[in-house]
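Me: I want to learn how to read a chain-chain interface. Can you take me through one?

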There are 2 protein chains.
Amino acid sequence: MMKEGGRVDVRTSSGAAYPVVVGPGVSRDVPGFAGEHAPGGGIALVSDSNVDPLHGRRVAQACREAGLEVAPAVFPAGEASKTREQWARLTDALLAAGLGRDACLVAVGGGVTTDLGGFVAATYLRGIPVIQVPTSYLAMIDASVGGKTGVDVDAGKNLVGAFHPPAAVVADTELLDTLPARERREGLVEAVKHGAILDRGHLETLHRRRVALLDADAGAASEIVLASVALKARVVSEDEREEGYRQILNFGHTIGHAIEAASAFALGHGSAVGLGMLAEAEIGEAMGVTESGTRDRLAEALDGLVAPPDSSVDLDRVLGFLGQDKKVRKGRPRYVLLRRLGEVAEGEGWTWDAPDDLVRPAVRRVLGVS
Amino acid sequence: MMKEGGRVDVRTSSGAAYPVVVGPGVSRDVPGFAGEHAPGGGIALVSDSNVDPLHGRRVAQACREAGLEVAPAVFPAGEASKTREQWARLTDALLAAGLGRDACLVAVGGGVTTDLGGFVAATYLRGIPVIQVPTSYLAMIDASVGGKTGVDVDAGKNLVGAFHPPAAVVADTELLDTLPARERREGLVEAVKHGAILDRGHLETLHRRRVALLDADAGAASEIVLASVALKARVVSEDEREEGYRQILNFGHTIGHAIEAASAFALGHGSAVGLGMLAEAEIGEAMGVTESGTRDRLAEALDGLVAPPDSSVDLDRVLGFLGQDKKVRKGRPRYVLLRRLGEVAEGEGWTWDAPDDLVRPAVRRVLGVS
């Protein structure tokens with residue numbers, strides 16, 4: 001049963017809820033959801049230049065066959081497209097197609113597409129519904145659930161955006177088949193994070209199903225995506241706007257973002273967050289907050305998922321980016337710390353300050369600098 | 001009492017409420033509100049090149065004296081600044097100032113400033129609080145209350161934006177003193193609209209206090225702004241996102257927007273909406289929906305507030321823009337119609353279709369075309 005997928009309902013701050021449907025072949029439900037949220041019969045289908053020929057056009061065709069009018073809006077694949085300029089270009093394409101407030105936007109793709117398409121929907125005529133159709137592990141497990149949308153600017157990633165919960169998320173695990181091996185590996189790190197902060201059993205399932213998951217076996221993928229979404233839903237239903245509890249989803253991300261930036265984004269997001277989790281577990285242990293041995297067990301859970309940083313990722317550069325983190329409070333970076341695997345330690349508002357002389361060696365160790 | 005101003009609390013869709021404080025001299029409360037919503041102690045002060053020297057700098061100085069760190073962000077005055085480009089420029093100024101999620105934005109100015117500043121706040125780090133300090137009748141009565149923010153694009157006005165309810169609105173009626181006479185007149189038309197749809201007594205007060213209001217007498221202004229805000233608050237508290245009842249605030253706006261666009265925005269927004277209300281009252285009477293004589297009584301209420309369109313505003317051009325209205329449903333423009341002065345007629349979802357052969361003569365008459 002579980003392996004065939006299922007459905008999770010995520011509550012939003014306004015008291016409404018949206019469904020996340022997970023399973024092999026569920027993208028056949030997209031025309032139904034789109035019709036429900038586009039009373040005017042018009043939809044925008046946003047996709048990137050890689051995913052459009054693989055999946056976007058097929059979904060568009062299915063929507064047309066269901067009687068919907070489809071305006072395709074395709075942008076060049078890659079994180080470099082997650083900009084205000086592409087957002088403006090896509091918005092203008094929707095306006096040129098004459099889509100009104102009674103239209104909806106369907107975003108088919110990875111995290112860049114769900115973030116960018118979501119932000120277009122959030123601001124189009126002050127907001128139209130978005131149906132997220134994630135095609136990567138990262139987007140299924142993390143990006144498409146929770147309502148965060150946005151773009152990057154020169155000053156940093158995701159600094160401009162909006163909270164815009166989707167009308168529905170349709171995660172068809174058969175689409176993972178076209179996902180490059182590197183993206184499969186990187187995306188599964190966020191599933192490890194969900195286990196690390198909320199459910200030790202989830203980590204065990206991940207470990208047991210590792211090979212099938214990296215093969216993009218649709219059954220294994222459905223099981224793990226559904227479980228991960230259910231864990232994330234518990235958190236964002238409680239605190240959609242990251243004013244408190246939702247911050248626990250940033251475990252590994254304070255140091256992870258700094259490593260990612262220090263690598264000039266050559267290192268994948270998953271790898272950077274994986275290394276960040278290891279460093280933050282070590283800091284927690286050194287502070288006496290995290291149960292001893294947690295870092296080593298987390299390293300086992302991440303085995304085979306994380307690429308090592310190359311030697312150009314410099315310790316001082318990482319520490320420099322740490323000071324510019326979005327979560328800085330009174331000039332000091334903040335960390336989510338574990339109590340033990342599967343449980344977060346409640347600090348001051350779910351985050352902790354940490355002594356510099358503990359941060360430095362922990363970062364040095366994950367960078368492999370002696 | 002009333003004349004000294006007061007306070008209205010506006011409920012938002014999330015169940016929270018924000019205060020609208022109205023009265024002579026209340027801008028002295030801005031540092032208090034700013035401090036409350038900027039736990040990090042940093043604020044952005046957004047203002048245009050006209051209002052900054054008149055009021056922006058004084059408010060900024062008062063905030064500094066209260067211990068806040070102020071990053072001023074000034075843009076060129078005028079509707080031409082209500083663009084995605086200015087939005088991006090202001091956003092980058094806030095990022096360069098290092099403002100975090102614990103900052104807030106204070107917008108001091110007219111409707112362009114509250115709309116543009118509000119949209120910057122709505123999308124900065126996925127949303128920071130905005131304190132609206134309106135300095136025009138239009139912004140006090142209409143723009144700063146209700147949470148609509150946004151910018152114009154080539155395809156039309158306010159087509160890109162977000163719903164972002166303010167943390168507080170501080171309407172200091174002493175600031176109206178610097179408002180040009182034309183803007184006073186234009187802005188009061190929205191107060192007439194509030195009376196026309198909700199409260200006939202409000203129209204009578206407006207008429208009685210006309211001269212004092214055009215003189216920007218702070219006492220008269222406080223009375224009428226407070227009453228107008230209370231009327232609007234009743235509506236937006238019920239339907240923040242304009243899914244139903246809030247549409248009644250569009251009375252006069254379907255035809256008004258078309259006239260405004262047909263004049264290439266040479267005609268003021270207030271005048272255009274005033275003419276739109278007259279035409280829509282005439283249509284309602286012809287349809288037998290609106291009590292006979294309503295148009296004439298509305299014309300009295302608008303006497304002296306509305307500038308006539310010049311002869312270049314062409315009937316066919318206006319009818320052409322009507323078909324492109326945001327509120328078009330199934331290709332037909334929709335109209336809010338009155339039952340009688342002070343009461344809206346409930347149609348299909350608060351708006352009505354109207355026969356073209358009734359729309360045409362009603363528009364012709366307000367354009368003064370024989």
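Me: What is the area buried between chain A and chain B?

Reply: The size of an interface is often given as the accessible area lost when the parts come together. In this predicted model, about 2500 Å² is buried between chain A and chain B. Carbon and sulfur atoms give 54% of that area.

Me: How many residues does the contact take from chain A and from chain B?

Reply: Chain A gives 26 residues and chain B gives 26 residues.

Me: Now the polar side. How many salt bridges are counted between chain A and chain B?

Reply: The count is 4 salt bridges. One of them pairs Glu242(A) with Arg101(B). Their closest N and O atoms are 2.8 Å apart. Also between the chains are 11 residue pairs in polar contact, both residues at pLDDT 80 or more.

Me: Which elements give two or more residues to the side of chain A that touches chain B?

Reply: Two helices and two strands of chain A: α3 (84-96), α4 (111-123), β7 (148-153) and β8 (156-163). By class, that side of chain A has 13 nonpolar, 6 polar and 7 charged residues.

Me: What turn and shift lay chain A on chain B?

Reply: A turn of 180° with a shift of 0.0 Å along the axis does it, at an RMSD of 0.0 Å. That is why the relation is one of a two-fold axis. In chain A, Ser14(A) has the C-alpha nearest the axis, 2.5 Å from it. Both copies use the same surface: 100% of the contact residues of chain A recur in chain B.

Note on methods:
Residues are numbered from 1 along each chain as its sequence is written. Chains are lettered from A and ligands numbered from 1 in the order in which they are written. This is a predicted model: local features need pLDDT of at least 70, side-chain atom pairs count only at pLDDT 80 or more; totals for chains, interfaces and linings use all residues. Side-chain values use heavy atoms; hydrogens and water are left out. Contact means heavy atoms within 4.5 Å. Buried area is the accessible area (1.4 Å probe) that two parts lose on being put together, summed over both. A salt bridge is a side-chain nitrogen of Lys or Arg within 4 Å of a carboxyl oxygen of Asp or Glu. A polar contact is a pair of N or O atoms within 3.5 Å; within protein, one must be able to donate a hydrogen and the other to accept it, and residues adjacent in sequence count only if both atoms are side-chain atoms. Helices (H or I, at least four residues) and strands (E, at least two) are DSSP runs, numbered from the N terminus. Ala, Val, Leu, Ile, Met, Phe, Trp, Tyr, Cys and Pro count as nonpolar, Asp, Glu, Lys and Arg as charged, and the others, Gly among them, as polar. Copies are superposed by least squares on the C-alpha atoms of residues with pLDDT of at least 70 in both.
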